[in-house]
Amino acid sequence: MRDGRWRTVGRALGRVIAVWAVSTATMLALAGILPDFKLQSDDGDSATRIAITAALGAGAFGLLSALVWPLLVRALLLVPALVLGLLNFFLNGSLLLLALRLIPDGRGDANAETAVVVAAVMSAVASATGGALAVRDDDAYRRRLYRLADRRRRRDQDARRPSGPGTVFVQLDGVGHDVLTDAVAKGLMPTVARWLGADGHEATHRLTPWRTDWSSQTGASQLGILHGSTYDVPAFRWYEKDTGEVMVSNRPASAVELQRRAIARTGDAGLLAVDGASRGNLFSGGAEQLALVLSMAARRGRENRSRAGYFAYFSDPANAVRTALSFVAEVGREIGESTRARIRRRRPRVSRGGLYPFIRAFATVVERDVVVAAVIGDMLAGRAAVYADLVAYDEVAHHSGPASGDAEKVLRRLDRSLALLAKVAEHAPRPYRIVLLSDHGQSPGETFRARYGLTLADLVRAGCGLPVPRRARRTHSGAEARAAVRAALRRPVEEGTGEHRPRRRAEPIVLASGNLGLVSFPDVPRRMTREEIDDRHPALLPTLANHPGIGFLLVRSEERGPLVLGARGAEVYLDELGPDADPDALGPLADFGPGAADAVRRTDTFPHTADIMVNSAYEPLDGEVLAFEEQIGSHGGLGGAQSRPFLLSPLALSPPIDDGSGGGGHGGELVGAEAVHRVLRRWLGEDLGARVPVDAVRDVPADAPAGTSVGVARAVDDCLPEGDGSQAFPVADPLVQDKSQ
């Protein structure tokens, strides 16, 4: 035992010396290359003296990075996360300048710009050297993981963790079922392929598709998965007449309110309420351990800011430099790819300039690295349930296309992250089951504006007889809409200043969520009926329903309930459809696949459904839709792959679709995010036994509804932005880094 410890100490000391030697050599090389970086006195020194100076400088820089860097990063938590990665370069340069000042007799010197370059190169070289040495020594690698896990358990105040398996849920945002299977077939995701039993491996997982609600987007799906309710989430963004506010799913204030409503409706704190961790999500799922959770970003107190989770990762200077370099490389990759797309005149194509290269780099590099590091920390801490969202594919597919080469490269890198998590699971203090899932897919297609020359808002305004931009008036669609207005009003609508102009308060609010559009009339305090809309704007519904870029409309008939309108006068009264309605009876819904009528009928029951819900046209042969936003890969409505995500689960867990004891299947199919929530909750019950509230500290408020549990009361309280800041974002150690980027 003692000999083994000495061998471990010897290996560790050897790695430190090796890294120090490589850093010294790097510093010497840079001193010879860069004219503004010197390691000798003004009178000159011998080669030996210069080598000693380099060794002292490298050692001082390494010590300062280890001791001072974490303090600097913690002090900069208030800096926006997008800026923090770039700021790493300048912080490293400052530490190098300080290290050079510590060399005796002033033999080290560099200007500020050179110091930034030298520090970045030295940190990258040191990280690569140390990582290579550690990975090559498998025994040392495993012992390091065990030591880190033991250290985390000793620090954890809750030492009474169950001994059963834990579960890690990894959401690959926007990756549809067909995209996953194609990626496996192309060899882009070997880890997933191995789980599914490809290339002679024994299968460990099963792949199950599921079907989203009409609102096929992260806000609705993740709220349903984590909190068990998608009720009253009609789209990614929508207008609420009772408050006069536009709700946007990825806006912190809206996410807070959506989570509060879901908890109040279900009476349950969420999927992760028992020893759970939520990483990189829109919602907390009731977890105590939170990092980068949008619904908590609005809470007061520095410790509760969503960016606080970045401290753990960026406290390691090697991580910071590696991610910063990858960030810059990703920005360059995006600029190069978008330039090639313009030169080659690829179609469809959307604008990818402005800040988008930086937004893409943040999603594909910074967010991925930080979230994966946080999950690794959770696994080594032995947490029972972890849910993490990796958004890289969704961001790239929106602008490059779901099947583009850019998107495939992202899938390859995501698979490496999965391989890393699987490796860490082998060394965690408890067995872990990794469940892979997605919240929606993406459907390809050009934008509505690119095909017809006008936006949905332009078309709605034209149908209402309101002024529209000159570019829209010149299009064929705009001219048809104006002709319909003239016919409906029985009078000409003149150009320019003579155009019919209703009062400003009557102008509609038009919002887009992928290929789903929403039209609301804010001066009417309730949802308008079809009859009221026809009375006010007689040309609007025919203009929309007969447009070739629109698949169908949902309005509400005053006498016959939810009504779907299509081209050439098609009308489908949803409440009059039987469970096995003939395809001909479905009218324009027939092309949108099974369950479309049920999904639309359910959305009609939401209190905040828009006056007119507009779904774009869909081409079943090629799976294309027309996005009302500037996206060539979109989701949010019905049509194609966007409504068909996946669930990849270990064979050790029960099948997702069971015999009716809690799975939520419909005729052998998993339908809706709420059904997925029930499946995941069942699996956690199989691992952890009965799920009981873990919060017994705070009493239920006196004004809470009867029957409200302590855990639910606290979860609702945690959603409020006026919280007292008592629930801090935890710090998850960046224990292992994916070096494959």
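**Close-ups of a predicted model**

**View 1. Asp-232, a buried loop residue with a positive phi**. With a relative accessible area of 7%, Asp-232 counts as buried, because the cut-off for that label is under 20%. This is a predicted model, so read each view here as a look at a prediction. Look for Asp-232 in the loop that runs between α9 (218–227) and β5 (237–240). Its phi is near 65°, a positive value in a residue other than glycine. For context, most residues other than glycine have a negative phi.

**View 2. Leu-292, just as worth a look for its backbone**. Here is a leucine with a positive phi of about 60°. Leu-292 sits in the loop between β8 and α11 (310–314). Is Leu-292 buried or exposed? Its relative accessible area is 13%, so Leu-292 goes down as buried, given that buried means under 20%.

**View 3. The open sheet of 8 strands**. Going across the sheet, the order reads β8-β7-β9-β3-β10-β21-β4-β22, and the pairing is mixed. Which strands are at the edges? They are β8 (289–291) and β22 (670–671), each of which pairs on one side only. Inside that order, β10 (residues 432–437) and β21 (residues 646–650) run antiparallel to one another and are paired over 2 bridges. To find this pairing on screen, go to Leu-437, which stands opposite Leu-647 in β21. As a reminder, strands of a sheet pair through backbone hydrogen bonds, either parallel or antiparallel.

**View 4. Strand β15 with β14 and β16**. How many residues of β15 (residues 561–565) are buried? The count is 5 of 5, so this strand is mostly covered. β15 pairs with β14 (residues 550–557) in the antiparallel sense, over 5 bridges, and Val-555 stands opposite Leu-563 in β15. The two strands make a hairpin with 3 residues between them. β15 also pairs with β16, again antiparallel, over 3 bridges. In that pairing Val-564 faces Val-572 in β16. The hairpin of β15 and β16 has 5 residues between the strands, and there Arg-568 takes a positive phi near 55°.

**View 5. Four arginines in a positive surface patch**. The members are Arg-342, Arg-345, Arg-347 and Arg-349. Pick out Arg-345 in the loop between α12 (317–343) and α13 (356–381). At 66% relative accessibility, Arg-345 counts as exposed, because that label applies over 50%. While you're here, check the backbone: a cis peptide bond joins Arg-347, one of the patch residues, to Pro-348, with omega about -5°. Pro-348 itself lies in the loop between α12 and α13. Most peptide bonds are trans.

**View 6. An acidic counterpart: the negative surface patch**. Asp-591, Glu-619, Asp-622 and Glu-624 make up this one. Where is Asp-591? It's in the loop that links β16 (571–573) and α22 (596–604), and β16 is the strand that pairs with β15 in View 4. Asp-591 has 48% relative accessibility and so counts as partly exposed, because exposed would take over 50% and buried means under 20%.

How values were computed. Residues numbered from 1 in each chain as written. Predicted model: local features only at pLDDT ≥ 70, side-chain atom pairs only at ≥ 80, totals over all residues. Heavy atoms only, no water. Patch = residues over 30% accessible without salt bridge, like charges linked within 9 Å, V, L, I, M, F, W, Y side chains within 5 Å. Areas by Shrake-Rupley, 256 points an atom, 1.4 Å probe, with all protein chains shown as cover. Salt bridge = Lys/Arg side-chain N within 4 Å of Asp/Glu carboxyl O. Lys, Arg positive; Asp, Glu negative; His and termini not counted. Charge placed at Lys NZ, Arg CZ, Asp CG, Glu CD. Buried < 20%, exposed > 50% of the residue type's maximum accessible area, 1.4 Å probe, protein only. Pairing = 2+ DSSP bridges.
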